[in-house]
Amino acid sequence: MLEYIKTILLKVSFDKMLFEKELRKAFKVLAAEELQQLKQWCYDQFSGMYLLILNKVFTRSQA
């Protein structure tokens, strides 16, 4: 499932609203360990474009 979500995020990365929506959906289907892997991958791939979204989504999920 993690690889599928990565594929989706890559495909919607042209639109920040779609990207955020799909990233939030990932939290509903991934286990905690997979979410950690996704977090690292997202920051590696998208921190240049979507750092604020990544910080918002991953910070909110930990609260």
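**View 1. Glutamate 3 and lysine 6 join side chains in a salt bridge, at 3.4 Å from N to O.** Keep in mind that this is a predicted model, so local features are taken only at pLDDT of at least 70 and side-chain atom pairs only at pLDDT 80 or more, while totals for chains, interfaces and linings use all residues. Residues are numbered from 1 along each chain as its sequence is written, and side-chain values use heavy atoms, with hydrogens and water left out. A salt bridge here is a side-chain nitrogen of Lys or Arg within 4 Å of a carboxyl oxygen of Asp or Glu. Both partners sit in helix 1, three residues apart, or about one turn of the helix. Helices are DSSP runs (H or I, at least four residues), numbered from the N terminus. As a reminder, an α-helix has 3.6 residues a turn, so residues three or four places apart point the same way. The two ends of this pair sit in unlike surroundings: glutamate 3 is exposed, with a relative accessible area of 53%, whereas lysine 6 is buried at 16%. The cut-offs are under 20% relative accessible area for buried, over 50% for exposed and partly exposed in between, using a 1.4 Å probe and protein chains only.

**View 2. Glu20, Arg24 and Lys56 hang together in a network of salt bridges.** Start with arginine 24 and glutamate 20, whose closest N and O atoms are 2.7 Å apart. These two are four residues apart in helix 2 (residues 16–29), so about one helical turn separates them. Arginine 24 is partly exposed at 28% relative accessible area, while glutamate 20 is buried at 16%. Now add lysine 56, whose side chain meets that of glutamate 20 in a salt bridge of 3.1 Å, N to O. This pair ties together distant parts of the chain, with lysine 56 in helix 3 and glutamate 20 in helix 2, 36 residues apart. Lysine 56 is partly exposed, at 38% relative accessibility. In general, side chains of opposite charge can pair when their charged atoms come close. A search of the whole structure turns up four salt bridges.

**View 3. Helix 1 has a buried side and an exposed face turned away from it.** On the buried side are Leu2, Ile5, Lys6, Leu9 and Val12. They share one side of helix 1 because they cover an arc of only 140° around the axis, the arc being that of the directions from the helix axis to the C-beta atoms. The face turned away carries the exposed residues Glu3, Tyr4 and Lys11.

**View 4. Helix 1 packs against helix 2 at an angle of about 170°, with the axes 9 Å apart.** That makes the two helices roughly antiparallel to each other. Axes are lines fitted to C-alpha atoms, for helices over the stretch in contact, and angles run from 0 to 180 degrees between N-to-C directions. Angles under 35 degrees count as roughly parallel, over 145 as roughly antiparallel, 65 to 115 as roughly perpendicular and the rest as oblique. From helix 1, Ile5, Ile8, Leu9 and Val12 meet Leu18, Phe19, Glu22, Leu23, Ala26 and Val29 of helix 2. Contact means heavy atoms within 4.5 Å.

**View 5. Tryptophan 41, in helix 3, touches lysine 6.** Tryptophan 41 is buried, at 14% relative accessibility. Setting aside neighbours within four places in sequence, tryptophan 41 is in contact with Lys6, Leu9, Leu10 and Phe46. Seen from lysine 6 in helix 1, the contacts are Leu38 and Trp41, not counting residues up to four places away in sequence. For scale, tryptophan 41 and leucine 51 are ten residues apart in sequence and 13 Å apart in space, C-alpha to C-alpha.

**View 6. Serine 13 sits in the loop between helix 1 and helix 2.** Serine 13 counts as buried, at 17% relative accessibility. Leaving out neighbours within four places in sequence, serine 13 is in contact with Phe19, Phe46, Met49 and Tyr50. Serine 47 is 34 residues from serine 13 along the chain, and their C-alpha atoms are separated by 12 Å.

**View 7. Confidence across the model averages a pLDDT of 94.** pLDDT is the predictor's confidence in each residue, from 0 to 100. Of the residues, 97% score at least 70. Confidence is highest in helix 1 (residues 2–12), at 97, and lowest in helix 3 (residues 32–62), at a mean of 94.
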